[in-house]
Amino acid sequence: MKKRLPKYLKKEGIQKLIEATEDGYNVERNKTLIWFMYTTGLRVSEVEQLNIEDIASNGNIVESFQLTGKGGQERIVIIPNRTREILKEYLEDRIYDFGPVFIHGKGNRFMAKGIREVIKRIAARGNVTIKSNNGRKFP
């Protein structure tokens, strides 16, 4: 039996999502979140659990990090150069260099449900259809 390739959001869709973040609340966080998920392939639940100390060392964003994902499987995640630059800009204004990477307005960890809701709102604003119901195929 042939295995079908997963459906994913193409580059044009990502560009529309990023442009749609310009109109909303928490623009930098949302733009960084979308770009980070797109370029690293992390699941929403993995992004939720990500801490600054997982991806940064001595104030610099690392090129790769080890992640324990779904089913306890460990893998190496590469962070492309442009994504590292975007993350560094996003994290520059943070008071602490530890704790969750993505936070909501009150400074607490941005939970998976909130991440999904924000992405749905941005997708609607950007007229982008996201049909994925699993955690990885963005979002």
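This is a selection-by-selection tour of a predicted model.

**Stop 1: the core**

Start with F36, I55, F65, V101 and F102. These residues touch the most other members of the largest nonpolar core, which holds 34 residues. Now colour the elements that feed this core. Helices α1 (11-20), α2 (27-40), α3 (44-49), α4 (52-55), α5 (81-91) and α6 (112-125) each supply at least two residues, and so does strand β3 (64-68). Which helix gives the most? It is α6, with six residues.

Keep F36 selected and show its surroundings. Set aside neighbours within four places in sequence. F36 is then in contact with G41, L42, V47, L50, F65, I79, T83, L87 and F102. Two of these partners, F65 and F102, were in your opening selection.

**Stop 2: α1 against α2**

Two packed helices are described by the angle between their axes and the distance between the axes. Use both terms at this stop and the next two.

Select α1 and α2. Their axes come within 9 Å and cross at roughly 165°. An angle over 145 degrees counts as roughly antiparallel, so α1 is roughly antiparallel to α2. The crossing of this pair is right-handed.

Now show side chains. On the α1 side, pick K11, I14, L17 and I18; on the α2 side, pick K31, I34, W35 and Y38. The residues of this contact divide into six nonpolar and two charged, with no polar ones.

**Stop 3: α2 against α5**

Keep α2 and swap α1 for α5. Here the axes are 10 Å apart, at an angle of about 155°. These two helices are therefore also roughly antiparallel to each other. What is the hand of the crossing of α2 and α5? It is left-handed.

For the contact itself, select E28, R29, T32, W35, F36 and T39 in α2. Add R82, T83, I86, L87 and Y90 in α5. The division here is five nonpolar, three polar and three charged.

Stay in α2 and centre on T32. Is T32 buried or exposed? T32 has a relative accessible area of 1%, which is under the 20% cut-off, so T32 is buried. Not counting residues up to four places away in sequence, T32 touches I86, L87, Y90 and F102. F102 is one of the core residues from the opening selection.

Next, move across to L91 in helix α5. L91 is buried too, with a relative accessible area of 14%. Outside its neighbours within four places in sequence, L91 is in contact with I52, I55, I61 and V101. Two of those, I55 and V101, also featured at the opening. If you want a distance check, label the C-alpha atoms of L91 and A20. They are 21 Å apart in space and 71 residues apart in sequence.

**Stop 4: α2 against α6**

Hold α2 once more and bring in α6. The axes come within 11 Å and cross at roughly 100°. That falls in the range of 65 to 115 degrees, so α2 and α6 are roughly perpendicular to each other.

Which residues make this contact? From α2, select R29, N30, L33, I34 and M37; from α6, select I115, V118, I119 and I122. They divide into seven nonpolar, one polar and one charged. Two α2 residues recur from earlier stops. I34 also meets α1, and R29 also meets α5.

**Stop 5: two asparagines with positive phi**

Finish with the backbone. Most residues other than glycine have a negative phi, and most peptide bonds are trans.

Go to N58, in the loop between β1 (56-57) and β2 (60-61). Its phi is near 55°, a positive value in a residue other than glycine. N58 counts as exposed, at 78% relative accessibility. Then label the C-alpha atoms of N58 and D97. They are separated by 9.0 Å, while the residues lie 39 apart along the chain.

The last selection is N127, in the segment after α6. What is the phi of N127? It is near 60°, again a positive value in a residue other than glycine. N127 has a relative accessible area of 65%, which is over 50%, so N127 is exposed.

Note on methods. Residues numbered from 1 in each chain as written. Predicted model: local features only at pLDDT ≥ 70, side-chain atom pairs only at ≥ 80, totals over all residues. Heavy atoms only, no water. Core = buried A, V, L, I, M, F, W, Y, C linked by side-chain atoms within 4.5 Å. Buried < 20%, exposed > 50% of the residue type's maximum accessible area, 1.4 Å probe, protein only. Helix = DSSP H or I, 4+ residues; strand = E, 2+ residues; numbered from the N terminus. Contact = heavy atoms within 4.5 Å. Axes fitted to C-alpha atoms, helices over the stretch in contact; angles between N-to-C directions. Parallel < 35°, antiparallel > 145°, perpendicular 65-115°, else oblique. Left-handed = near helix turned anticlockwise from the far one by under 90°. Nonpolar A, V, L, I, M, F, W, Y, C, P; charged D, E, K, R; others polar.
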